Amino acid sequence: MSMMYVIGRNAVAEVLRSGRKIEKIYALKSSEDARLKEILDAAKAQRIPVEFKSRDQLTRLQAGNHQGVVAACEGYDFSDVDTILDRARQKGEDPFVLILESIQDPHNLGAILRTAETAGVHGVIIGKNRSVGLTYAVAKTAAGALEYVPVAQVTNLVRTIDDLKKEGLWVACADMDGELIYQTNLKGPMALVIGGEHEGIGRLVKDHCDLTLSLPMAGRITSLNASVAAGIIMYEVVRQRLS
């Protein structure tokens, strides 16, 4: 199992709660921050070694905006599509799945995972090619969501979409020329496809989807950041499921 750095207070706190194997925690020297103290107390209770470092030393761990704490822990394993669907069945809920095509910005992926967790998405599927993996930057932005949202990596998104349709899911993609999400029935077993930052949804993937969804654009800018668009659509699904 490869090791990786998890950075930031929220992400490290969730790793501690999850039971994931942590090799060591690196923390800022001379910090009186209450949140950091809670993290260090939890590490002590779990008998995880803590090493104190200066701010510059933490930054040199390739930790970016570390917020004074970094955890060296085992890397994240990818899940699989069957496990994601089983998760929905075990909860007695209609499957709610997110499919990401060519998301290359780790901050976008992390933000999408964070929203997916709060919206009750049962799992996220990403392509193996032209997509960012589960890096420390993704984990940082996800703020702990990687501990709770299974992520499956597949080599062929089109085949996966067809398999989900055989399992009874409706598959909807987000694109500018689709039906407005507020005028579309998004209840029932659902998979949402979000395209990459630069090219959007590929033609082949779009052709295999049941629905094409769009967001109303009242301004002069005609597109949204991928994570923002994903969040809006996910919560429209939530709204309809609760209505």
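A residue counts as buried when its relative accessible area is under 20%. In this predicted model, Glu101 has a relative accessible area of 10%, so it is a buried residue.

Glu101 is a handy place to start. It sits in the loop between S5 and H5, and a polar atom of its side chain lies 2.9 Å from the backbone nitrogen of Gly202. Setting aside residues up to four places away in sequence, Glu101 touches Leu157, Ile194, Gly195, Gly196, Gly200, Ile201, Gly202 and Val205. Gly202 thus turns up both among these contacts and as the partner of the Glu101 side chain.

The loop that holds Glu101 also holds Ser102, between strand S5 (96-100) and helix H5 (106-118). Ser102 is buried too, because its relative accessibility is 13%. Its backbone has a quirk: phi is near 60°, a positive value in a residue other than glycine. Most residues other than glycine have a negative phi. Gln67 is another case, with a positive phi of about 60° although it is not a glycine. Gln67 belongs to the loop between helix H3 (55-63) and strand S4 (69-74). With a relative accessible area of 33%, Gln67 counts as partly exposed.

After the loop with Ser102 comes helix H5, and here the picture moves on to helix packing. Two packed helices are described by the angle between their axes and the distance between the axes. For H5 and H9, the axes come within 9 Å and cross at roughly 15°. Angles under 35 degrees count as roughly parallel, so H5 is roughly parallel to H9. H5 passes H9 in a right-handed crossing. On the H5 side, the residues that meet H9 are Asn108, Ala111, Ile112, Thr115, Ala116 and Thr118; on the H9 side they are Ala226, Ser227, Ala230, Gly231, Met234 and Tyr235. By class, the residues of this contact divide into 7 nonpolar, 5 polar and no charged.

Helix H9 (residues 226-242) also carries Glu236. At 4% relative accessibility, Glu236 is buried. Its side chain makes a polar contact with the side chain of Arg239, at 2.8 Å. Leaving aside neighbours within four places in sequence, Glu236 is in contact with Ile181, Tyr182 and Leu186.

A second helix pair is found at H1 (residues 9-18) and H2 (residues 34-45), which pack at an angle of about 25° with their axes 10 Å apart. That angle makes H1 roughly parallel to H2. H1 passes H2 in a left-handed crossing, whereas the crossing of H5 with H9 is right-handed. The contact is made by Arg9, Asn10, Val12, Ala13 and Leu16 of H1 together with Arg35, Ile39, Ala42 and Ala43 of H2. Sorted by class, the contact of H1 with H2 has 6 nonpolar, 1 polar and 2 charged residues.

H1 has other partners as well. Its buried residues are Ala11, Val12, Ala13, Glu14, Val15 and Leu16. Besides H2, these buried residues pack against strand S1 (3-7), strand S2 (22-28), S4 and helix H6 (136-142). Val12, Ala13 and Leu16 are listed both as buried and as part of the contact with H2. Just after H1, Gly19 takes a positive phi of about 90°.

Terms used: Residues numbered from 1 in each chain as written. Predicted model: local features only at pLDDT ≥ 70, side-chain atom pairs only at ≥ 80, totals over all residues. Heavy atoms only, no water. Helix = DSSP H or I, 4+ residues; strand = E, 2+ residues; numbered from the N terminus. Buried < 20%, exposed > 50% of the residue type's maximum accessible area, 1.4 Å probe, protein only. Polar contact = N/O pair within 3.5 Å; in protein donor to acceptor, adjacent residues only side chain to side chain. Contact = heavy atoms within 4.5 Å. Axes fitted to C-alpha atoms, helices over the stretch in contact; angles between N-to-C directions. Parallel < 35°, antiparallel > 145°, perpendicular 65-115°, else oblique. Left-handed = near helix turned anticlockwise from the far one by under 90°. Nonpolar A, V, L, I, M, F, W, Y, C, P; charged D, E, K, R; others polar.
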